[in-house]
Amino acid sequence: MSRGPLKIGGVSVRPGQSKDVKLEISETYTGDKTRIPLQVVRANKDGPRVFVTAAIHGDEINGTGIIHDFLFEQSLKLTAGAVIFAPVVNVFGFESHERYLPDRRDLNRSFPGSPTGSLASRIANKLMTEIVDNCDYGIDLHTAAFQRTNYPNVRADLSNPQAKRIALAFGCALVVDGKGPLGSFRREATKRGCPTIILEAGEPWKMEPSVQTIGLNGIRNVLTELDMIEGLKTKPPFQASIRKTQWLRAKVGGILKFHVSPGDFVAQGQPVATNYTILGKEQNSIASPSPGIVLGMTTMPAVKPGEPICHIATLTKTQLARYKRLLERAASEDPHQIAQRDLATNIDVSAI
Ligand SMILES: [Zn+2]
């Protein structure tokens, strides 16, 4: 647990203080400083220090909305520790509605970075030294990539007990196990001794109400778990640790009709989409190779061979039956049920 002074971007935040900090991460072509906005909230009492970051991919703004709502509520009464909120990490991408940095590099594949490396590498290094090195835990908020949507799920290295603790506490129904891609923020932060989880939820370019609710609850749940705020944790209708996921891809070019939506349970062999020619002739049916849950899917019905259609989180037959029963018992206003309904509103889901 971190003790002693808390200093970010040259600004000291003392016990009981809440400060807005502009952290310099780069410069523009005209030589002006590029800064990212942070809010640092510190309780009087020492305790864990947690960062919450969003828009490391500049077009994934659901997390920005989650942090914005969290700060807007003004109800964060920290009883111990400190939280560093960074609603927009990749300000370059955020300004141009793009995932990447101006040098076309993916910031989330550039960690831990170096002070003498590329543009992306220098920004990554700055985030590691100023944010990660000041924290004991991290929550990094993401959405699916362009033209895809994700049913809200947490991803973490479940072999790390502290990462597992906050991953389960966050309260998503699905927790996907894994260290994360090479060079990703969560992988390198966890390796550096700051166990970090990510939320993958919804689409880019949107602030989706159902995703915001799950994100807000999740941050509160983690802070409650770490005894940093008072309150009760919310629990999902069921919680599955996922060890295997699989993308189903188009075999031929055509137009898809979907038969499932994000969060749906699927049986082995169940069709998830049918591929038609542009003139309406059926070409093939795409079926789930195993029992599972729809973790993510494309929102673009026009596909070429090899393009992703549906991301399935694999379950056993027994798990599938058990989770289905638990979900049926859950209240219809449960945030997971609402997310399942809302995420599919712009996808045409039809019977087989
Ligand atoms: Zn992302």
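The crossing of helices H1 and H6 is right-handed, and this tour of a predicted model begins there.

**First stop: H1 and H6**

Select residues 62-73 for helix H1 and residues 209-225 for helix H6. The two helices pack at an angle of about 60 degrees, and their axes are 9 Å apart. H1 and H6 are therefore oblique to each other. To view the contact itself, display Asn-62, Gly-63, Gly-65, Ile-66, Asp-69 and Phe-70 on the H1 side. Their partners in H6 are Val-211, Gln-212, Gly-215, Leu-216 and Ile-219. Sorted by class, this contact of H1 with H6 holds 5 nonpolar, 5 polar and 1 charged residues.

**Second stop: H4 against H6**

Keep H6 on display and add helix H4, residues 161-170. The axes of H4 and H6 come within 8 Å and cross at roughly 130 degrees. That angle makes H4 oblique to H6. The crossing of H4 and H6 is right-handed. On the H4 side, select Arg-165, Ile-166, Ala-169 and Phe-170; on the H6 side, select Gly-218, Asn-221, Val-222 and Glu-225. By class, the contact of H4 with H6 comprises 4 nonpolar, 2 polar and 2 charged residues.

**Third stop: H8 against H6**

Next, select helix H8, residues 335-343, again together with H6. Here the packing angle is about 150 degrees, and the axes of H6 and H8 are 8 Å apart. This makes H6 roughly antiparallel to H8. The crossing of H6 and H8 is left-handed. The residues to display in H6 are Pro-209, Ser-210, Val-211, Thr-213, Ile-214 and Asn-217. In H8 they meet Pro-335, Ile-338, Ala-339, Asp-342 and Leu-343. The residues of this contact of H6 with H8 divide into 7 nonpolar, 3 polar and 1 charged. Val-211 deserves a second look, as this residue of H6 takes part in the contact with H1 and in the contact with H8.

**Fourth stop: the two domains**

Colour the chain by its domain assignment, which gives domain 1 as 7-225 and domain 2 as 243-343. The C-alpha centres of domain 1 and domain 2 lie 29 Å apart. How many residues of each domain are in contact with the other? In domain 1 there are 21 such residues, and they are in contact with 20 residues of domain 2. To find the side of domain 1 that touches domain 2, select strand E8 (148-156), strand E9 (174-177) and H6, each of which supplies at least two of its residues. By class, that side of domain 1 has 9 nonpolar, 8 polar and 4 charged residues.

**Fifth stop: two backbone details**

Most residues other than glycine have a negative phi, and most peptide bonds are trans. Two places in this model depart from these patterns.

Zoom in on Phe-111 and Pro-112. The peptide bond from Phe-111 to Pro-112 is cis, with omega near 5 degrees. Where is Pro-112 placed? Pro-112 is found in the loop between helix H2 (91-95) and helix H3 (119-130).

Then move to Gln-147, in the loop between strand E7 (137-142) and E8. What is the phi of Gln-147? Phi of Gln-147 is near 65 degrees, a positive value in a residue other than glycine.

**Last stop: the whole chain**

Finally, zoom out and show the entire protein as a cartoon. The protein has 8 helices and 19 strands. Its radius of gyration is 21 Å, close to the 20 Å that the globule rule gives for 352 residues, so the protein is as compact as a globular protein of that length. Along the principal axes, the C-alpha trace spans about 65 × 50 × 35 Å.

Definitions and conventions
Residues numbered from 1 in each chain as written. Predicted model: local features only at pLDDT ≥ 70, side-chain atom pairs only at ≥ 80, totals over all residues. Axes fitted to C-alpha atoms, helices over the stretch in contact; angles between N-to-C directions. Helix = DSSP H or I, 4+ residues; strand = E, 2+ residues; numbered from the N terminus. Parallel < 35°, antiparallel > 145°, perpendicular 65-115°, else oblique. Left-handed = near helix turned anticlockwise from the far one by under 90°. Contact = placed C-beta atoms within 7 Å. Nonpolar A, V, L, I, M, F, W, Y, C, P; charged D, E, K, R; others polar. Domains from an automatic or database assignment. Rg over C-alpha atoms; globule rule 2.2 N^0.38 Å.
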